Amino acid sequence: MISLLTVSFLGALDHTVVATSLATIAGDLGAVQQMSWVLVSYTLASTVMLPVLGKLGDLLGVRLIFLASLVLFLVASLCCGLAQDITQLAIARVAQGIGSAGLHLMPQTIVGTVVPPRERPRVLSIIGAAFPVAILVGPLLGGVITDAWGWRWVFWINIPVGLIALALAVIAVPHVPGHSGRRFDIAGAVVLGISVTALVLGASWASADRWVIGVPVIVAAAVAAVALAVFILIEVRVSEPLVPLRHFANRTILICIVLSTVIGVGLFSVVSYVPTFVQMAYRTSATVSGLVPIATVFGMLVSTLFTGWLASRSGRYRMFPIVGTALAAGGLLIMAFLPPGLPLWAPMVAMALVGVGTGAFMNILVAVAQSAAPRSDTGSVTATVSLVRQVGSTTATAIVGGVIGAGVALGLPAGLDAATLTPAVVHASSAAVQAQVAELYTAVLSPIFIGLAIAYAVGIVAALLLPNRRLSDHFEPEPVPTAESATV
(Lines give C-alpha, C1' and ligand atoms only; values in the text may rest on other atoms or scores of the structure.)
Protein backbone atom coordinates (compact mmCIF):
# COMPACT_ATOMS: atom_id res chain seq x y z
CA MET A 1 0.00 0.00 0.00
CA ILE A 2 2.78 2.44 0.90
CA SER A 3 4.63 1.62 -2.31
CA LEU A 4 1.59 1.98 -4.56
CA LEU A 5 0.42 5.16 -2.84
CA THR A 6 3.88 6.75 -3.14
CA VAL A 7 4.12 5.97 -6.84
CA SER A 8 0.55 7.13 -7.52
CA PHE A 9 1.23 10.41 -5.73
CA LEU A 10 4.47 10.89 -7.67
CA GLY A 11 2.69 10.46 -11.00
CA ALA A 12 -0.27 12.66 -10.04
CA LEU A 13 1.96 15.40 -8.61
CA ASP A 14 4.15 15.78 -11.69
CA HIS A 15 1.50 17.38 -13.90
CA THR A 16 0.27 19.90 -11.32
CA VAL A 17 3.79 20.91 -10.25
CA VAL A 18 4.97 21.54 -13.80
CA ALA A 19 1.88 23.62 -14.70
CA THR A 20 2.83 26.26 -12.10
CA SER A 21 6.37 26.70 -13.45
CA LEU A 22 5.42 26.58 -17.14
CA ALA A 23 5.84 30.32 -17.78
CA THR A 24 9.28 30.31 -16.12
CA ILE A 25 10.38 27.28 -18.16
CA ALA A 26 9.23 28.83 -21.45
CA GLY A 27 10.88 32.16 -20.70
CA ASP A 28 14.19 30.56 -19.72
CA LEU A 29 14.29 28.42 -22.86
CA GLY A 30 13.12 31.29 -25.08
CA ALA A 31 10.05 29.45 -26.33
CA VAL A 32 7.00 31.23 -24.97
CA GLN A 33 4.99 30.53 -28.13
CA GLN A 34 5.75 26.80 -27.93
CA MET A 35 5.30 26.37 -24.18
CA SER A 36 2.00 24.49 -24.58
CA TRP A 37 3.96 21.57 -26.02
CA VAL A 38 5.47 20.95 -22.59
CA LEU A 39 1.99 19.90 -21.45
CA VAL A 40 0.57 18.60 -24.75
CA SER A 41 3.45 16.16 -25.39
CA TYR A 42 3.09 14.76 -21.87
CA THR A 43 -0.70 14.46 -22.04
CA LEU A 44 -0.71 12.83 -25.47
CA ALA A 45 1.92 10.26 -24.53
CA SER A 46 0.23 9.31 -21.27
CA THR A 47 -3.18 9.02 -22.95
CA VAL A 48 -2.05 6.97 -25.95
CA MET A 49 -0.02 4.55 -23.81
CA LEU A 50 -2.78 3.68 -21.33
CA PRO A 51 -4.29 0.76 -23.33
CA VAL A 52 -0.84 -0.39 -24.45
CA LEU A 53 0.51 -0.63 -20.91
CA GLY A 54 -2.72 -2.18 -19.65
CA LYS A 55 -2.46 -4.98 -22.20
CA LEU A 56 1.27 -5.45 -21.62
CA GLY A 57 0.50 -5.83 -17.92
CA ASP A 58 -1.91 -8.66 -18.74
CA LEU A 59 0.65 -10.34 -21.01
CA LEU A 60 3.97 -9.82 -19.20
CA GLY A 61 2.86 -9.31 -15.62
CA VAL A 62 1.90 -6.12 -13.84
CA ARG A 63 5.00 -6.00 -11.62
CA LEU A 64 7.37 -5.83 -14.58
CA ILE A 65 5.40 -3.05 -16.32
CA PHE A 66 5.06 -1.19 -13.02
CA LEU A 67 8.80 -1.20 -12.31
CA ALA A 68 9.70 -0.41 -15.94
CA SER A 69 7.30 2.56 -15.95
CA LEU A 70 8.81 3.91 -12.74
CA VAL A 71 12.38 3.59 -14.04
CA LEU A 72 11.42 5.30 -17.32
CA PHE A 73 9.69 8.10 -15.42
CA LEU A 74 12.80 8.75 -13.31
CA VAL A 75 15.19 8.72 -16.28
CA ALA A 76 12.87 11.03 -18.22
CA SER A 77 12.64 13.38 -15.21
CA LEU A 78 16.43 13.63 -15.19
CA CYS A 79 16.44 14.40 -18.93
CA CYS A 80 13.71 17.04 -18.52
CA GLY A 81 15.84 18.90 -16.00
CA LEU A 82 18.87 18.73 -18.30
CA ALA A 83 17.00 19.99 -21.40
CA GLN A 84 18.63 22.96 -23.14
CA ASP A 85 15.80 23.86 -25.52
CA ILE A 86 12.08 23.30 -25.93
CA THR A 87 12.56 20.41 -28.38
CA GLN A 88 14.68 18.41 -25.95
CA LEU A 89 12.20 19.13 -23.17
CA ALA A 90 9.20 18.08 -25.28
CA ILE A 91 10.90 14.78 -26.23
CA ALA A 92 11.79 14.10 -22.61
CA ARG A 93 8.21 14.93 -21.61
CA VAL A 94 6.94 12.31 -24.08
CA ALA A 95 9.04 9.68 -22.28
CA GLN A 96 7.91 11.04 -18.93
CA GLY A 97 4.28 10.85 -20.07
CA ILE A 98 4.71 7.18 -21.02
CA GLY A 99 6.13 6.45 -17.59
CA SER A 100 3.37 8.48 -15.94
CA ALA A 101 0.73 6.37 -17.68
CA GLY A 102 2.21 3.32 -15.99
CA LEU A 103 2.37 5.07 -12.61
CA HIS A 104 -1.32 5.91 -12.90
CA LEU A 105 -2.52 2.60 -14.30
CA MET A 106 -0.38 -0.14 -12.77
CA PRO A 107 -1.20 0.52 -9.08
CA GLN A 108 -4.91 0.13 -9.91
CA THR A 109 -4.19 -2.99 -11.96
CA ILE A 110 -2.05 -4.49 -9.19
CA VAL A 111 -4.90 -3.94 -6.73
CA GLY A 112 -7.29 -5.65 -9.16
CA THR A 113 -4.88 -8.56 -9.45
CA VAL A 114 -3.98 -9.27 -5.81
CA VAL A 115 -6.85 -7.81 -3.74
CA PRO A 116 -10.24 -9.61 -3.47
CA PRO A 117 -13.12 -7.72 -5.17
CA ARG A 118 -14.87 -6.62 -1.98
CA GLU A 119 -11.72 -5.01 -0.57
CA ARG A 120 -10.85 -3.15 -3.77
CA PRO A 121 -13.02 -0.03 -3.23
CA ARG A 122 -11.30 0.68 0.09
CA VAL A 123 -7.80 0.09 -1.27
CA LEU A 124 -8.42 1.95 -4.53
CA SER A 125 -9.88 4.91 -2.64
CA ILE A 126 -6.69 5.21 -0.58
CA ILE A 127 -4.49 5.02 -3.67
CA GLY A 128 -6.87 7.29 -5.57
CA ALA A 129 -6.57 9.91 -2.82
CA ALA A 130 -3.16 10.74 -4.32
CA PHE A 131 -4.87 12.57 -7.18
CA PRO A 132 -6.87 15.18 -5.21
CA VAL A 133 -3.99 15.64 -2.76
CA ALA A 134 -1.65 16.33 -5.70
CA ILE A 135 -4.09 18.92 -7.05
CA LEU A 136 -4.16 20.64 -3.65
CA VAL A 137 -0.42 20.78 -2.96
CA GLY A 138 1.05 20.60 -6.50
CA PRO A 139 0.66 24.24 -7.62
CA LEU A 140 2.02 25.57 -4.31
CA LEU A 141 4.91 23.10 -4.29
CA GLY A 142 5.77 23.88 -7.91
CA GLY A 143 5.90 27.60 -7.16
CA VAL A 144 8.06 27.13 -4.06
CA ILE A 145 10.54 24.84 -5.85
CA THR A 146 10.77 27.15 -8.87
CA ASP A 147 11.37 30.24 -6.75
CA ALA A 148 13.84 28.56 -4.38
CA TRP A 149 15.90 26.24 -6.61
CA GLY A 150 14.91 26.93 -10.22
CA TRP A 151 12.53 25.17 -12.61
CA ARG A 152 14.86 22.25 -13.31
CA TRP A 153 14.33 20.98 -9.77
CA VAL A 154 10.62 20.68 -10.53
CA PHE A 155 11.67 17.58 -12.49
CA TRP A 156 14.70 16.53 -10.45
CA ILE A 157 12.72 16.41 -7.19
CA ASN A 158 11.04 13.30 -8.63
CA ILE A 159 14.31 11.35 -8.50
CA PRO A 160 14.95 10.96 -4.72
CA VAL A 161 11.25 10.35 -4.05
CA GLY A 162 11.06 7.95 -7.00
CA LEU A 163 14.13 5.97 -5.90
CA ILE A 164 12.54 5.43 -2.49
CA ALA A 165 9.31 4.33 -4.20
CA LEU A 166 11.31 2.02 -6.50
CA ALA A 167 13.04 0.35 -3.54
CA LEU A 168 9.69 -0.14 -1.82
CA ALA A 169 8.17 -1.53 -5.01
CA VAL A 170 10.98 -4.03 -5.60
CA ILE A 171 10.54 -5.34 -2.06
CA ALA A 172 6.78 -5.14 -1.60
CA VAL A 173 4.97 -5.57 -4.91
CA PRO A 174 4.26 -9.28 -5.46
CA HIS A 175 5.14 -11.09 -8.65
CA VAL A 176 2.01 -11.99 -10.58
CA PRO A 177 2.61 -14.02 -13.74
CA GLY A 178 1.17 -12.71 -16.96
CA HIS A 179 -0.31 -14.61 -19.86
CA SER A 180 2.73 -14.56 -22.12
CA GLY A 181 1.33 -17.12 -24.53
CA ARG A 182 -0.94 -14.48 -26.05
CA ARG A 183 0.13 -12.15 -28.85
CA PHE A 184 0.23 -8.38 -28.53
CA ASP A 185 -2.01 -6.41 -30.87
CA ILE A 186 0.59 -4.13 -32.49
CA ALA A 187 -1.68 -2.97 -35.33
CA GLY A 188 -4.46 -2.05 -32.92
CA ALA A 189 -2.05 -0.11 -30.71
CA VAL A 190 -0.69 1.93 -33.61
CA VAL A 191 -4.11 2.74 -35.09
CA LEU A 192 -5.64 3.64 -31.72
CA GLY A 193 -2.66 5.89 -31.02
CA ILE A 194 -3.22 7.69 -34.32
CA SER A 195 -6.92 8.13 -33.57
CA VAL A 196 -6.43 9.49 -30.05
CA THR A 197 -3.60 11.79 -31.13
CA ALA A 198 -5.62 13.24 -34.01
CA LEU A 199 -8.66 13.73 -31.77
CA VAL A 200 -6.74 15.55 -29.05
CA LEU A 201 -4.76 17.71 -31.47
CA GLY A 202 -7.86 18.59 -33.49
CA ALA A 203 -9.75 19.66 -30.36
CA SER A 204 -6.75 21.70 -29.17
CA TRP A 205 -6.38 23.50 -32.52
CA ALA A 206 -10.10 24.22 -32.71
CA SER A 207 -10.06 25.62 -29.18
CA ALA A 208 -7.01 27.79 -29.90
CA ASP A 209 -8.82 29.28 -32.93
CA ARG A 210 -12.03 29.85 -30.92
CA TRP A 211 -13.71 27.07 -32.85
CA VAL A 212 -13.11 28.54 -36.28
CA ILE A 213 -13.03 25.21 -38.12
CA GLY A 214 -10.03 25.33 -40.46
CA VAL A 215 -8.38 22.74 -42.67
CA PRO A 216 -6.08 21.31 -39.93
CA VAL A 217 -9.06 20.69 -37.65
CA ILE A 218 -11.08 19.03 -40.43
CA VAL A 219 -8.12 16.82 -41.38
CA ALA A 220 -7.52 15.85 -37.72
CA ALA A 221 -11.21 14.99 -37.23
CA ALA A 222 -11.25 12.90 -40.42
CA VAL A 223 -8.07 11.04 -39.41
CA ALA A 224 -9.49 10.36 -35.94
CA ALA A 225 -12.77 9.01 -37.36
CA VAL A 226 -11.14 6.82 -40.02
CA ALA A 227 -8.54 5.48 -37.58
CA LEU A 228 -11.25 4.65 -35.05
CA ALA A 229 -13.22 2.73 -37.67
CA VAL A 230 -10.08 0.83 -38.73
CA PHE A 231 -9.29 0.12 -35.07
CA ILE A 232 -12.72 -1.45 -34.53
CA LEU A 233 -12.25 -3.63 -37.61
CA ILE A 234 -8.86 -4.76 -36.31
CA GLU A 235 -10.20 -5.54 -32.84
CA VAL A 236 -13.00 -7.66 -34.30
CA ARG A 237 -10.56 -9.75 -36.32
CA VAL A 238 -7.52 -10.27 -34.08
CA SER A 239 -7.39 -13.16 -31.63
CA GLU A 240 -6.12 -11.01 -28.75
CA PRO A 241 -7.39 -7.42 -29.14
CA LEU A 242 -5.80 -4.45 -27.42
CA VAL A 243 -9.23 -3.32 -26.16
CA PRO A 244 -11.44 -6.42 -26.11
CA LEU A 245 -14.80 -5.44 -27.56
CA ARG A 246 -16.41 -8.04 -25.31
CA HIS A 247 -16.02 -5.44 -22.54
CA PHE A 248 -18.70 -3.36 -24.27
CA ALA A 249 -21.04 -6.36 -24.41
CA ASN A 250 -20.90 -6.65 -20.61
CA ARG A 251 -23.52 -4.30 -19.14
CA THR A 252 -21.59 -3.64 -15.93
CA ILE A 253 -18.35 -2.79 -17.70
CA LEU A 254 -20.13 -0.68 -20.32
CA ILE A 255 -21.88 1.39 -17.65
CA CYS A 256 -18.58 1.88 -15.80
CA ILE A 257 -17.05 3.14 -19.06
CA VAL A 258 -19.96 5.57 -19.53
CA LEU A 259 -19.65 6.82 -15.94
CA SER A 260 -15.90 7.29 -16.34
CA THR A 261 -16.52 9.37 -19.46
CA VAL A 262 -19.06 11.46 -17.52
CA ILE A 263 -16.40 12.27 -14.91
CA GLY A 264 -13.93 13.40 -17.58
CA VAL A 265 -16.50 15.52 -19.39
CA GLY A 266 -18.52 16.77 -16.44
CA LEU A 267 -15.85 17.80 -13.93
CA PHE A 268 -12.30 17.70 -15.25
CA SER A 269 -13.19 19.74 -18.34
CA VAL A 270 -14.33 22.80 -16.39
CA VAL A 271 -12.43 22.80 -13.11
CA SER A 272 -9.38 24.56 -14.62
CA TYR A 273 -11.58 27.44 -15.83
CA VAL A 274 -13.39 27.97 -12.52
CA PRO A 275 -10.69 30.21 -10.94
CA THR A 276 -10.81 32.62 -13.91
CA PHE A 277 -14.62 32.63 -13.77
CA VAL A 278 -14.53 33.44 -10.04
CA GLN A 279 -11.95 36.23 -10.54
CA MET A 280 -14.08 37.84 -13.23
CA ALA A 281 -17.60 37.23 -11.93
CA TYR A 282 -16.85 37.67 -8.22
CA ARG A 283 -14.00 40.20 -8.64
CA THR A 284 -11.56 38.33 -6.40
CA SER A 285 -7.79 37.96 -6.50
CA ALA A 286 -6.08 34.91 -8.01
CA THR A 287 -5.24 33.62 -4.53
CA VAL A 288 -8.82 33.90 -3.26
CA SER A 289 -10.25 32.36 -6.44
CA GLY A 290 -8.24 29.23 -5.73
CA LEU A 291 -10.54 28.50 -2.77
CA VAL A 292 -13.30 27.28 -5.11
CA PRO A 293 -11.31 24.47 -6.79
CA ILE A 294 -9.81 23.65 -3.39
CA ALA A 295 -13.35 23.13 -2.06
CA THR A 296 -14.07 20.89 -5.07
CA VAL A 297 -10.99 18.77 -4.61
CA PHE A 298 -11.33 18.55 -0.83
CA GLY A 299 -14.91 17.35 -1.24
CA MET A 300 -13.68 14.75 -3.72
CA LEU A 301 -10.95 13.58 -1.33
CA VAL A 302 -13.24 13.13 1.68
CA SER A 303 -15.96 11.51 -0.40
CA THR A 304 -13.73 8.98 -2.16
CA LEU A 305 -12.21 7.77 1.13
CA PHE A 306 -15.57 7.51 2.90
CA THR A 307 -17.49 5.79 0.10
CA GLY A 308 -14.61 3.40 -0.60
CA TRP A 309 -14.75 2.28 3.03
CA LEU A 310 -18.55 1.96 2.93
CA ALA A 311 -18.53 -0.04 -0.31
CA SER A 312 -15.96 -2.51 1.02
CA ARG A 313 -17.85 -2.87 4.29
CA SER A 314 -21.17 -3.75 2.67
CA GLY A 315 -20.08 -5.07 -0.71
CA ARG A 316 -22.85 -3.01 -2.31
CA TYR A 317 -21.89 -0.39 -4.87
CA ARG A 318 -24.94 0.63 -6.95
CA MET A 319 -26.14 3.45 -4.69
CA PHE A 320 -22.85 5.37 -4.83
CA PRO A 321 -22.85 6.31 -8.54
CA ILE A 322 -26.60 7.05 -8.38
CA VAL A 323 -26.26 9.46 -5.44
CA GLY A 324 -22.91 10.78 -6.68
CA THR A 325 -24.06 11.73 -10.18
CA ALA A 326 -27.20 13.35 -8.74
CA LEU A 327 -25.15 15.46 -6.29
CA ALA A 328 -22.72 16.53 -9.02
CA ALA A 329 -25.54 17.45 -11.41
CA GLY A 330 -27.20 19.48 -8.66
CA GLY A 331 -23.97 21.35 -7.88
CA LEU A 332 -23.44 22.27 -11.53
CA LEU A 333 -27.03 23.47 -11.86
CA ILE A 334 -26.53 25.69 -8.82
CA MET A 335 -23.41 27.12 -10.46
CA ALA A 336 -25.42 27.81 -13.63
CA PHE A 337 -28.04 29.91 -11.84
CA LEU A 338 -25.92 31.73 -9.25
CA PRO A 339 -26.27 35.48 -9.83
CA PRO A 340 -23.03 37.50 -9.87
CA GLY A 341 -22.12 39.34 -6.71
CA LEU A 342 -22.96 36.64 -4.16
CA PRO A 343 -20.48 35.86 -1.37
CA LEU A 344 -17.68 33.50 -2.37
CA TRP A 345 -18.97 30.71 -0.16
CA ALA A 346 -21.87 30.19 -2.59
CA PRO A 347 -19.76 28.86 -5.52
CA MET A 348 -17.52 27.07 -3.02
CA VAL A 349 -20.49 25.08 -1.69
CA ALA A 350 -21.80 24.38 -5.19
CA MET A 351 -18.46 23.09 -6.50
CA ALA A 352 -17.87 21.15 -3.28
CA LEU A 353 -21.10 19.29 -4.08
CA VAL A 354 -19.67 18.44 -7.51
CA GLY A 355 -16.48 17.16 -5.88
CA VAL A 356 -18.33 15.11 -3.27
CA GLY A 357 -20.61 13.61 -5.92
CA THR A 358 -17.75 12.70 -8.25
CA GLY A 359 -15.59 11.29 -5.49
CA ALA A 360 -18.47 9.09 -4.35
CA PHE A 361 -17.99 6.73 -7.29
CA MET A 362 -14.77 7.72 -9.08
CA ASN A 363 -12.66 4.84 -7.74
CA ILE A 364 -15.51 2.46 -6.99
CA LEU A 365 -16.37 2.09 -10.67
CA VAL A 366 -12.81 0.87 -11.36
CA ALA A 367 -13.30 -1.88 -8.78
CA VAL A 368 -16.70 -2.78 -10.24
CA ALA A 369 -15.35 -2.97 -13.80
CA GLN A 370 -12.45 -5.15 -12.66
CA SER A 371 -14.78 -7.53 -10.83
CA ALA A 372 -16.93 -7.92 -13.98
CA ALA A 373 -13.97 -8.83 -16.23
CA PRO A 374 -11.89 -12.03 -16.32
CA ARG A 375 -8.71 -11.75 -14.25
CA SER A 376 -6.68 -12.14 -17.43
CA ASP A 377 -8.20 -8.87 -18.69
CA THR A 378 -7.68 -6.82 -15.51
CA GLY A 379 -5.09 -4.55 -17.11
CA SER A 380 -7.04 -3.91 -20.30
CA VAL A 381 -10.36 -3.18 -18.58
CA THR A 382 -8.68 -0.82 -16.09
CA ALA A 383 -6.93 0.94 -18.96
CA THR A 384 -10.17 1.28 -20.92
CA VAL A 385 -11.95 2.93 -17.99
CA SER A 386 -9.03 5.36 -17.54
CA LEU A 387 -8.65 6.03 -21.28
CA VAL A 388 -12.24 7.17 -21.87
CA ARG A 389 -12.04 9.47 -18.85
CA GLN A 390 -8.84 11.08 -20.08
CA VAL A 391 -9.98 11.42 -23.70
CA GLY A 392 -13.32 12.84 -22.55
CA SER A 393 -11.57 15.30 -20.27
CA THR A 394 -9.06 16.45 -22.90
CA THR A 395 -11.64 16.86 -25.65
CA ALA A 396 -14.26 18.53 -23.45
CA THR A 397 -11.65 20.87 -21.94
CA ALA A 398 -10.78 22.10 -25.42
CA ILE A 399 -14.45 22.56 -26.28
CA VAL A 400 -15.23 24.43 -23.05
CA GLY A 401 -12.17 26.65 -23.51
CA GLY A 402 -13.16 27.47 -27.08
CA VAL A 403 -16.74 28.30 -26.12
CA ILE A 404 -15.58 30.56 -23.27
CA GLY A 405 -13.06 32.33 -25.50
CA ALA A 406 -15.53 32.92 -28.31
CA GLY A 407 -18.36 34.01 -26.00
CA VAL A 408 -16.21 36.45 -24.05
CA ALA A 409 -14.71 37.95 -27.22
CA LEU A 410 -18.16 38.63 -28.67
CA GLY A 411 -19.58 40.31 -25.58
CA LEU A 412 -16.71 42.36 -24.17
CA PRO A 413 -17.39 46.04 -23.43
CA ALA A 414 -15.77 48.61 -25.72
CA GLY A 415 -12.15 49.34 -24.84
CA LEU A 416 -11.30 45.82 -23.72
CA ASP A 417 -9.40 43.41 -25.97
CA ALA A 418 -10.00 39.68 -25.56
CA ALA A 419 -6.41 38.93 -26.58
CA THR A 420 -4.99 40.90 -23.64
CA LEU A 421 -7.83 40.46 -21.15
CA THR A 422 -6.65 39.52 -17.66
CA PRO A 423 -8.27 39.75 -14.22
CA ALA A 424 -5.83 42.56 -13.38
CA VAL A 425 -7.01 44.60 -16.37
CA VAL A 426 -10.66 44.11 -15.40
CA HIS A 427 -10.05 44.96 -11.75
CA ALA A 428 -8.32 48.18 -12.79
CA SER A 429 -11.35 49.23 -14.86
CA SER A 430 -14.35 51.23 -13.65
CA ALA A 431 -17.04 49.65 -11.49
CA ALA A 432 -19.46 49.71 -14.43
CA VAL A 433 -17.04 47.80 -16.68
CA GLN A 434 -16.35 45.28 -13.91
CA ALA A 435 -20.08 44.69 -13.53
CA GLN A 436 -20.45 44.20 -17.29
CA VAL A 437 -17.60 41.68 -17.40
CA ALA A 438 -19.04 39.83 -14.40
CA GLU A 439 -22.42 39.55 -16.11
CA LEU A 440 -20.72 38.48 -19.36
CA TYR A 441 -18.77 35.63 -17.72
CA THR A 442 -21.90 34.52 -15.90
CA ALA A 443 -23.87 34.52 -19.16
CA VAL A 444 -21.14 32.58 -20.99
CA LEU A 445 -20.52 29.99 -18.25
CA SER A 446 -24.15 29.35 -17.31
CA PRO A 447 -24.98 27.30 -20.45
CA ILE A 448 -21.71 25.41 -20.02
CA PHE A 449 -22.59 24.45 -16.44
CA ILE A 450 -26.05 23.37 -17.63
CA GLY A 451 -24.51 21.25 -20.38
CA LEU A 452 -22.16 19.56 -17.91
CA ALA A 453 -25.09 18.97 -15.53
CA ILE A 454 -26.85 17.19 -18.42
CA ALA A 455 -23.75 15.00 -18.80
CA TYR A 456 -24.08 13.99 -15.16
CA ALA A 457 -27.81 13.42 -15.72
CA VAL A 458 -26.83 10.86 -18.37
CA GLY A 459 -24.66 9.35 -15.64
CA ILE A 460 -27.68 9.09 -13.36
CA VAL A 461 -29.53 7.06 -15.99
CA ALA A 462 -26.49 4.86 -16.55
CA ALA A 463 -26.03 4.28 -12.82
CA LEU A 464 -29.67 3.23 -12.45
CA LEU A 465 -28.98 0.51 -15.03
CA LEU A 466 -26.17 -1.02 -12.98
CA PRO A 467 -26.99 -4.52 -11.72
CA ASN A 468 -27.81 -4.52 -8.01
CA ARG A 469 -25.14 -6.96 -6.90
CA ARG A 470 -22.50 -7.35 -4.21
CA LEU A 471 -18.76 -7.47 -4.70
CA SER A 472 -17.47 -10.95 -3.97
CA ASP A 473 -15.38 -11.72 -0.91
CA HIS A 474 -13.19 -14.04 -2.97
CA PHE A 475 -11.59 -14.10 -6.39
CA GLU A 476 -13.73 -15.57 -9.11
CA PRO A 477 -12.04 -18.68 -10.51
CA GLU A 478 -10.64 -18.36 -14.01
CA PRO A 479 -12.62 -20.37 -16.58
CA VAL A 480 -10.81 -23.53 -17.62
CA PRO A 481 -10.63 -23.71 -21.43
CA THR A 482 -12.14 -26.81 -22.97
CA ALA A 483 -10.54 -28.68 -25.83
CA GLU A 484 -13.04 -27.13 -28.22
CA SER A 485 -12.44 -23.56 -27.05
CA ALA A 486 -8.69 -24.12 -27.10
CA THR A 487 -8.90 -25.20 -30.72
CA VAL A 488 -10.90 -22.14 -31.67
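Hi everyone, this is a short tour of one protein chain, from its overall build down to two helix pairs.

What we have is a predicted model, where local features need pLDDT of at least 70, side-chain atom pairs count only at pLDDT 80 or more, and totals for chains, interfaces and linings use all residues. Residues are numbered from 1 along each chain as its sequence is written, and side-chain values use heavy atoms, leaving out hydrogens and water.

Let's start with the whole chain. It has 23 helices and zero strands; these are DSSP runs numbered from the N terminus, with helices being H or I of at least four residues and strands E of at least two. The radius of gyration is 22 Å, close to the 23 Å that the globule rule gives for 488 residues, so the chain is as compact as a globular protein of that length. That radius is taken over C-alpha atoms, and the rule is 2.2 Å times the number of residues to the power 0.38. Buried residues make up 53% of the 488, where buried means under 20% relative accessible area with a 1.4 Å probe, protein chains only.

Now, how do α17 and α18 pack? Helix α17 (residues 319-337) and helix α18 (residues 345-359) pack at an angle of about 160°, with axes 7 Å apart. Axes here are lines fitted to C-alpha atoms over the stretch in contact, and angles run from 0 to 180 degrees between N-to-C directions. That makes α17 roughly antiparallel to α18, a word used for angles over 145 degrees. Among the residues in contact (heavy atoms within 4.5 Å) are L327, A328 and L332 in α17, and A350, M351 and V354 in α18. By class, this contact has eleven nonpolar, five polar and no charged residues.

Our second pair is α6 (residues 120-128) with α19 (residues 364-372), at about 135° and with axes 8 Å apart. That makes α6 oblique to α19, the term for angles that are not under 35, over 145 or 65 to 115 degrees. R120, P121 and L124 in α6 meet I364, V366, A367, Q370 and S371 in α19.

Let's stay with α19. Is this helix enclosed or open? Seven of its nine residues are buried, so α19 is largely enclosed by the rest of the structure. Those buried residues are I364, L365, V366, A367, V368, A369 and Q370. They pack against α5 (86-114), α6, α13 (251-268), α16 (291-314), α17 and α20 (378-411). So α17 turns up again here, as a neighbour of α19's buried residues. Thanks for listening!

Note on methods:
Nonpolar A, V, L, I, M, F, W, Y, C, P; charged D, E, K, R; others polar. Buried < 20%, exposed > 50% of the residue type's maximum accessible area, 1.4 Å probe, protein only.
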